[in-house]
Amino acid sequence: MTLLQEQATADIEKSKGGTLLKMMERGFGTVPMPLQLFSRSSGLLEVQAEMINYYANHARFSSELMAFIRYTTAHQLGFRPCFEFNQKMLAGMGVTEQELDVVLENPESAPLEENEVALLAFICRSVKDQSGASQQNIDDLKRLGWRESDILDGVTHGFNMVGPALMLQLFKMV
């Protein structure tokens, strides 16, 4: 049983956050657990909706790259609901079950463009070991065409999984 019992208020219905919840329900048949958590706070749900919109319209990231970032990060965190959600999303994008399994052991096997694979692998390493980044890593990514802002955006996308994973455990929603 979840510790947070209050549901979304009526003001959420007409907000960007409410629109996001409806879109997720229609498009995926469910609302991801972090959004269920944030729906208890109209302000946090709005912030989350803006963040999702930012990444959905990111000029340099493919939707596949972003889903792989969430998929691998959720796996590393043992965050089952987001792992399964992104697994289904990637399967819907044509990624095979075998490809999904192999990526968990070797992110460099992801069926992505070379520069996206490199960024994904860097993010996976960073989630495991926050002290492991080097100037060489950043320079290598830049040589593949990434800007520092892209690297920060990608790492942020992965690390944004950490807080909700912990909060869902705290409030006994998973």
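Biologist: Setting aside residues up to four places away in sequence, which residues does Asn86 touch?

Modeller: First, this is a predicted model, where local features need pLDDT of at least 70, side-chain atom pairs count only at pLDDT 80 or more, and totals for chains, interfaces and linings use all residues. Residues are numbered from 1 along each chain as its sequence is written, and side-chain values use heavy atoms, with hydrogens and water left out. Touching means a contact, that is, heavy atoms within 4.5 Å. Not counting residues up to four places away in sequence, Asn86 touches Ala67, Arg70 and Tyr71.

Biologist: Is Asn86 buried or exposed?

Modeller: Asn86 sits in helix α6, where helices are DSSP runs (H or I, at least four residues) numbered from the N terminus. A residue is called buried under 20% relative accessible area, exposed over 50% and partly exposed in between, with a 1.4 Å probe and protein chains only. Asn86 has a relative accessible area of 2%, so this residue is buried.

Biologist: And what about another asparagine, Asn53: how far is its C-alpha atom from that of Leu20?

Modeller: Asn53 belongs to helix α4 and is partly exposed, at a relative accessible area of 41%. Along the chain, Asn53 and Leu20 are 33 residues apart. In space, their C-alpha atoms are separated by 9.4 Å.

Biologist: On to α7. Why can its buried residues be said to line one face of the helix?

Modeller: Helix α7 covers residues 97–105, and Leu100, Val103 and Leu104 are buried there. The arc takes in the directions from the helix axis to the C-beta atoms. The buried residues of α7 line one face because, seen down the axis, they fall within an arc of 100°.

Biologist: Which exposed residues are on the face of α7 turned away from the buried side?

Modeller: In general, an α-helix has 3.6 residues a turn, so residues three or four places apart point the same way. On its buried side, α7 packs against α5 (63–77) and α6 (80–92). The face turned away carries Gln98 and Glu105.

Biologist: Which residues does Val103 touch, not counting those up to four places away in sequence?

Modeller: Val103 lies in α7 and is buried, with a relative accessible area of 0%. Its C-alpha is 9.5 Å from that of Tyr71, which is 32 residues apart in sequence. With residues up to four places away left out, Val103 touches Phe68, Thr72, Ser109, Ala110 and Pro111.

Biologist: Any pockets? Which helix gives the largest share of the lining of the largest pocket?

Modeller: On a 1 Å grid over the protein atoms alone, a pocket is an open set of points where a 1.4 Å probe fits, with protein on both sides within 12 Å along at least five of seven lines, and lining residues have an atom within 4 Å of a point. The largest pocket is lined by 34 residues, with Met24, Gln48, Ile52, Arg70 and His157 nearest its centre. Two or more lining residues come from each of α2 (16–28), α3 (33–38), α4 (42–56), α5 and α6. The largest share, 10 residues, comes from α4.

Biologist: What is the volume of that largest pocket?

Modeller: Its lining divides into 24 nonpolar, seven polar and three charged residues. Nonpolar covers Ala, Val, Leu, Ile, Met, Phe, Trp, Tyr, Cys and Pro, charged covers Asp, Glu, Lys and Arg, and the others, Gly among them, are polar. A volume is the space filled by probe spheres set on the grid points, which are joined across faces, edges and corners. For the largest pocket, that comes to about 890 Å³.

Biologist: Which residues are closest to the centre of the second largest pocket?

Modeller: This pocket holds about 240 Å³ of space. Of its 13 lining residues, six come from α6, the largest share, and the lining divides into nine nonpolar, two polar and two charged. Closest to the centre are Thr30, Pro81, Glu84, Phe85 and Lys88.

Biologist: How many disulfides are there?

Modeller: A disulfide here is a pair of cysteine sulfur atoms within 2.5 Å. Cys82 is in no disulfide, and its nearest cysteine sulfur, that of Cys124, is 15 Å away. Cys82 is buried at 8% relative accessibility, and Cys124 is buried at 4%. The disulfide count is zero.
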